[in-house]
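Here are my notes on the model you sent. They go point by point, beginning with the sheet.

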Amino acid sequence: MMMRWMTTWVLFVFSTSVWAISHYLQGDSVKGGNVQAAATAVESKLKTGGFKVVGKYFPKTLAGYGVVIATDEAMLDEVGSVGGNAILGAAIRVGVTADGSVAYTNPDYWYRA
């Protein structure tokens, strides 16, 4: 009985650490003005950081918002080894706004999902 309680307690303690992982992270801001200029600045930073930009889009219903999609070889290799639909995890989506705010998906969170 004591072993069962200890096991339950240990699982509970470690399960709370999962709640601490955010699915989005705040990035360094870029110069604002308009969303296309902000997206271009983010693309430049990503390329400088070794990422490959694979696309971007600007939702018509959300004026002033855009998304830049990037990946790198390490992510492609890691996710590609799993195969199947897991390849969707090989891209990082970086949200930008006209005021220069940047947020991106947390790979650690999405890999755990």
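1. In what sense do strand β3 and β4 pair, and over how many bridges? The model is a predicted one, and in it β3 (residues 65-71) pairs with β4 in the antiparallel sense, over six bridges. One of the residues to look at here is V68, whose bridge partner in β4 is V94.

2. The sheet as a whole is open and has five strands, in the order β1-β5-β4-β3-β2, with antiparallel pairing. Its edges are β1 (24-26) and β2 (52-57), each of which pairs on one side only. On average, neighbouring strands of this sheet are turned by 25 degrees against each other, direction ignored.

3. On the β5 side, two pairings deserve a look. β1 and β5 run antiparallel and are joined by three bridges; β4 and β5 are also antiparallel, with three bridges. Y104 in β5 appears in both: Y104 is the bridge partner of L25 and the bridge partner of V94. V94 is thus tied to a residue of β5 and also to V68. The hairpin of β4 and β5 has four residues between the strands, and G100 in this hairpin takes a positive phi near 95 degrees.

4. Which strands does α2 touch where it packs on the sheet? The helix touches β2, β3, β4 and β5 (102-105), and its direction makes about 140 degrees with that of β4.

5. E43 is a residue of this helix, α2 (residues 35-48). Is E43 buried or exposed? At a relative accessible area of 14%, E43 falls under the 20% limit, so it counts as buried. Beyond its neighbours within four places in sequence, its contacts are V53, K56 and V68. Of these, V68 is the residue bridged to V94.

6. The largest nonpolar core has 14 residues, and V30, V42, L46, V68, V94, V96 and V102 are those with the most contacts inside it. At least two residues come from each of α2, β3 and β4. α2 supplies the largest share, five residues. As general background, nonpolar side chains in soluble globular proteins tend to be buried together.

7. V30 is on that list of core residues with the most contacts. Not counting residues up to four places away in sequence, V30 touches A38, A41, V42, K45, D99, G100 and V102. G100, with its positive phi in the β4 and β5 hairpin, is therefore among the contacts of V30.

8. Where is the largest pocket, and which residues line it? The lining consists of G27, D28, V30, V42, K45, L46, F51, I92, V94, V102, Y104 and P107. The pocket holds about 240 Å³ of space. The elements that give two or more residues to the lining are α2, β4 and β5, and α2 gives the most, with three residues. V30, V42, L46, V94 and V102 are among the lining residues and also among the core residues with the most contacts.

9. T105 lies in strand β5. With a relative accessible area of 7%, T105 is buried. T105 touches H23, Y24, I92, R93 and W110, leaving out residues up to four places away in sequence. One of these contacts, I92, is also a lining residue of the largest pocket.

10. The loop between α3 (73-82) and β4 (92-97) holds G89, and A90 is found in that loop too. A90 is buried, at 3% relative accessible area, whereas G89 is partly exposed at 26%. Why do the two fall into separate classes? The value for A90 is under 20%, while that for G89 lies between 20% and 50%, so G89 counts as partly exposed.

11. Both loop residues also have partners farther along the sequence. A90 and L76 are 14 residues apart in sequence and 5.4 Å apart in space, C-alpha to C-alpha. G89 and Y111 are 22 residues apart in sequence, with 6.9 Å between their C-alpha atoms. Leaving aside neighbours within four places, A90 is in contact with A70, T71, M75, L76 and V79, and G89 with V79 and Y111. V79 thus appears in the contacts of A90 and of G89.

Conventions: Residues numbered from 1 in each chain as written. Predicted model: local features only at pLDDT ≥ 70, side-chain atom pairs only at ≥ 80, totals over all residues. Heavy atoms only, no water. Buried < 20%, exposed > 50% of the residue type's maximum accessible area, 1.4 Å probe, protein only. Contact = heavy atoms within 4.5 Å. Pairing = 2+ DSSP bridges. Axes fitted to C-alpha atoms, helices over the stretch in contact; angles between N-to-C directions. Core = buried A, V, L, I, M, F, W, Y, C linked by side-chain atoms within 4.5 Å. 1 Å grid on protein atoms, 1.4 Å probe; cavity = no way out; pocket = protein on both sides within 12 Å on 5 of 7 lines; lining within 4 Å. Points joined across faces, edges and corners; volume = space filled by probe spheres on them.
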